[in-house]
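Okay, thanks for making room for me today. I'd like to walk you through one model, piece by piece, so please have a look at the screen.

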Amino acid sequence: MNTSTIAAIATPIGRGGIGIIKISGDKALSIAGALFRPSACANDSKELSQDLFKSHRIYHGHIIDNRDGQIVDEVLLSVMRSPRSYTREDVVEINAHAGIIVQRKILELVIDQGARLAEPGEFTKRGFLNGRIDLTQAEGIIDIINARTEKALEIANRQVKGGLGERIAKIRAALVEIVAELEAGIDFPDDMSENPFTGDIGKRLRRSVLKPLGVLLAKFEKARYYREGVTVAVVGRPNVGKSSLVNRLLQKDRVIVTPISGTTRDIIEEPLDINGIPVMIADTAGLQKTEDPVEAIGMEKTRGCIRASDIVFFLIDAGNPLSEEDFQIFDLIQDKASILVVNKIDLLNGEMKFSIPGSWKIPSVMISALYDQGIEPLKAQFSEIFIHTEEEPDSEQMIPNLRHKYSLELALQAVESGFKAITGGLSEELIVIDLKQGIRAVDEITGTVPNKTVLDEIFSRFCIGK
């Protein structure tokens with residue numbers, strides 16, 4: 001690992017109350033001492049000795065440009081000495097005023113004193129390489145930054161606290177213990193009171209390894225939806241209330257609503273939260289026969305949106321019989337996860353003008369987008385499709401990351417192979433090889449054996465300064 005002292009602006013660029021320049025490494029304190037003048041000795045031209053900085057203290061003073069002695073900014077200086085810091089190195093944070101010129105000026109002075117500009121995610125990467133966090137916790141940090149709902153934030157926080165890492169560690173410990181016993185049986189058979197290959201190894205593998213791995217994998221899809229979100233395409237023929245429904249779900253007038261057919265001609269996307277699941281909802285152009293070339297382009301975009309979506313809200317008008325266009329739209333969406341949304345029930349006089357065809361085997365919800373009727377049942381039906389349970393999801397058992405899923409599948413495959421070899425009476429050496437492959441696979445998850453390519457890919461997704 002490159003151990004040079006690094007620095008970066010750790011807050012978003014722009015005007016604001018506070019902007020933070022973070023420094024980490026062996027020279028962090030000496031750099032701070034060269035540039036910072038505490039209020040108690042503001043007129044003293046001498047550099048402040050780094051030995052005077054106490055850990056986990058905040059100092060008030062000024063950043064001085066040593067080239068001309070001019071004050072750059074009034075700041076608060078936060079000091080965290082190794083190993084009690086985010087990176088387990090000496091860390092200094094300069095809390096300045098949040099203006100782009102002043103922040104860049106201070107960063108320039110810090111670099112002139114011997115620091116280098118940090119790479120994306122390098123502060124967190126150092127925390128991982130220095131043993132403060134494992135790889136799942138590092139990935140949880142970026143998930144916190146990117147969380148779009150409170151539930152996604154809860155899952156990410158569980159991961160940062162080590163919930164997933166602890167479960168993986170238990171699985172790994174069970175595997176290591178079993179492998180150690182098996183290898184002892186191979187190398188020192190005369191010293192063993194019983195042959196481990198004829199004991200309860202199979203039952204232990206099933207209880208302590210195979211079952212926990214299966215539980216984690218089973219939770220992946222549910223967690224992925226909370227982490228990555230769901231795309232919803234709102235489709236239907238013109239004037240069935242697609243834009244009204246989108247506005248109702250967003251709780252604001254985002255989309256133009258008129259009685260004129262073809263008002264929506266382009267895809268309009270907006271983020272929202274439906275029962276803790278981050279959603280990108282798309283209002284689409286109505287599908288119908290048309291000679292208008294602009295409207296035709298909008299409808300082709302609608303078909304593309306349907307193909308790319310995770311789920312379709314298929315709207316029909318409760319006050320009018322089903323049309324040819326309705327049946328054509330159903331043909332387009334019948335292979336997608338869908339909800340039939342019967343809108344405008346406020347216009348009914350006792351009963352609908354039609355019956356839903358028996359071949360339309362998708363869940364349906366009756367709503368009035370105009371009068372806010374049936375919206376909560378629609379949200380509940382949506383949630384049921386994606387989380388498949390009425391129980392509160394267990395954040396501690398969720399693996400929202402595709403990389404984790406892939407490694408868990410490799411581990412499960414290897415351990416299942418070893419389990420079959422045990423029950424089939426195959427070679428002891430082959431059993432151990434399979435189980436060791438399982439250990440390597442779970443090590444990939446926590447980064448116990450760092451893989452440079454994996455690390456570079458993960459930390460490149462962080463912003464500079466984190």
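Let me start with something a bench person might ask: how many disulfides does a search of the whole structure find? The count is 0. And keep in mind that this is a predicted model, so everything I say is about the prediction.

While we're on cysteines, let me show you two of them. Is Cys 305 buried or exposed? Cys 305 has a relative accessibility of 12%, and the cut-off for buried is under 20%, so Cys 305 counts as buried. Cys 463 comes out at 44% relative accessible area, so that one is partly exposed.

Now the sheet. In what order do the 7 strands of the open sheet run? Going across, you get E3-E4-E5-E6-E2-E1-E7, with mixed pairing. At the edges sit E3, residues 36–38, and E7, residues 116–117, and each of those has a pairing partner on one side only. Over at the E3 edge, the neighbour is E4, residues 57–65; the two run antiparallel and are joined by 3 bridges. If you want a landmark there, find Pro 38, which stands opposite Gly 61 in E4.

Then there's a helix lying on this sheet. H3, residues 122–129, packs against it and touches E1 (6–9), E2 (16–24) and E7, and its direction makes about 140° with that of E1. I'll come back to H3 in a minute.

First, E1, which has something on each face. Which residues of E1 are buried on one side and on the other? On one side you have Ile 6 and Ala 8, on the other Ala 7 and Ile 9, and all of them are buried. As for partners, E1 pairs with E2 in the antiparallel sense, over 4 bridges, and Ile 9 stands opposite Ile 21 in E2. The hairpin of E1 and E2 has 6 residues between the strands, and in it Gly 14 takes a positive phi near 150°. With E7, E1 pairs in the parallel sense, over 2 bridges, and there Ile 6 has Arg 116 as its bridge partner.

Back to H3, as promised. How many of its 8 residues are buried? The answer is 6, so to speak mostly covered. Those buried residues are Glu 122, Phe 123, Thr 124, Arg 126, Gly 127 and Phe 128. The cover over them includes strands E1, E2 and E7, and also helices H4 (135–146), H14 and H15 (452–459). Just after H3, look for Gly 131, with a positive phi of about 85°.

Two of those covering helices also meet each other. H4 and H14 pack at an angle of about 40°, with 5 Å between their axes. From H4 you have Leu 135, Thr 136 and Glu 139, and they meet Glu 444, Ile 445 and Thr 446 of H14. Sorted by class, that contact has 2 nonpolar, 2 polar and 2 charged residues.

H14 turns up again in the next part, the cores. How many residues are in the largest nonpolar core? There are 31, and the ones with the most contacts inside it are Leu 205, Val 209, Leu 408 and Leu 435. Four helices give two or more residues to this core: H6 (163–187), H7 (201–218), H13 (402–423) and H14 (428–446). H6 gives the most, with 8 residues. Zoom in on Leu 205: leaving out neighbours within four places in sequence, its contacts are Leu 175, Ile 178, Leu 210, Val 415, Phe 419, Ile 422 and Leu 435. There is also a second, separate core of 30 residues, with Tyr 226, Val 234, Ile 277 and Ala 369 among them.

Ile 277 takes us to the last stop, strand E10, residues 277–283. E10 is mostly covered, with 6 of its 7 residues buried. It pairs with E8, residues 230–235, in the parallel sense over 5 bridges, and Thr 231 stands opposite Met 280 in E10. E10 also runs antiparallel to E9, residues 268–274, with 7 bridges joining the two. Ile 274 has Ile 277 as its bridge partner. E9 and E10 make a hairpin with 2 residues between them, and Asn 275 in the turn has a positive phi of about 50°.

That's my tour, thanks for listening.

Conventions. Residues are numbered from 1 along each chain as its sequence is written. This is a predicted model: local features need pLDDT of at least 70, side-chain atom pairs count only at pLDDT 80 or more; totals for chains, interfaces and linings use all residues. Side-chain values use heavy atoms; hydrogens and water are left out. Two strands pair if DSSP finds at least two bridges between them. Contact means heavy atoms within 4.5 Å. Axes are lines fitted to C-alpha atoms, for helices over the stretch in contact, and angles run from 0 to 180 degrees between N-to-C directions. A nonpolar core is a set of buried Ala, Val, Leu, Ile, Met, Phe, Trp, Tyr and Cys residues joined through side-chain atoms within 4.5 Å. Buried means under 20% relative accessible area, exposed over 50%, partly exposed in between (1.4 Å probe, protein chains only). A disulfide is a pair of cysteine sulfur atoms within 2.5 Å. Ala, Val, Leu, Ile, Met, Phe, Trp, Tyr, Cys and Pro count as nonpolar, Asp, Glu, Lys and Arg as charged, and the others, Gly among them, as polar.
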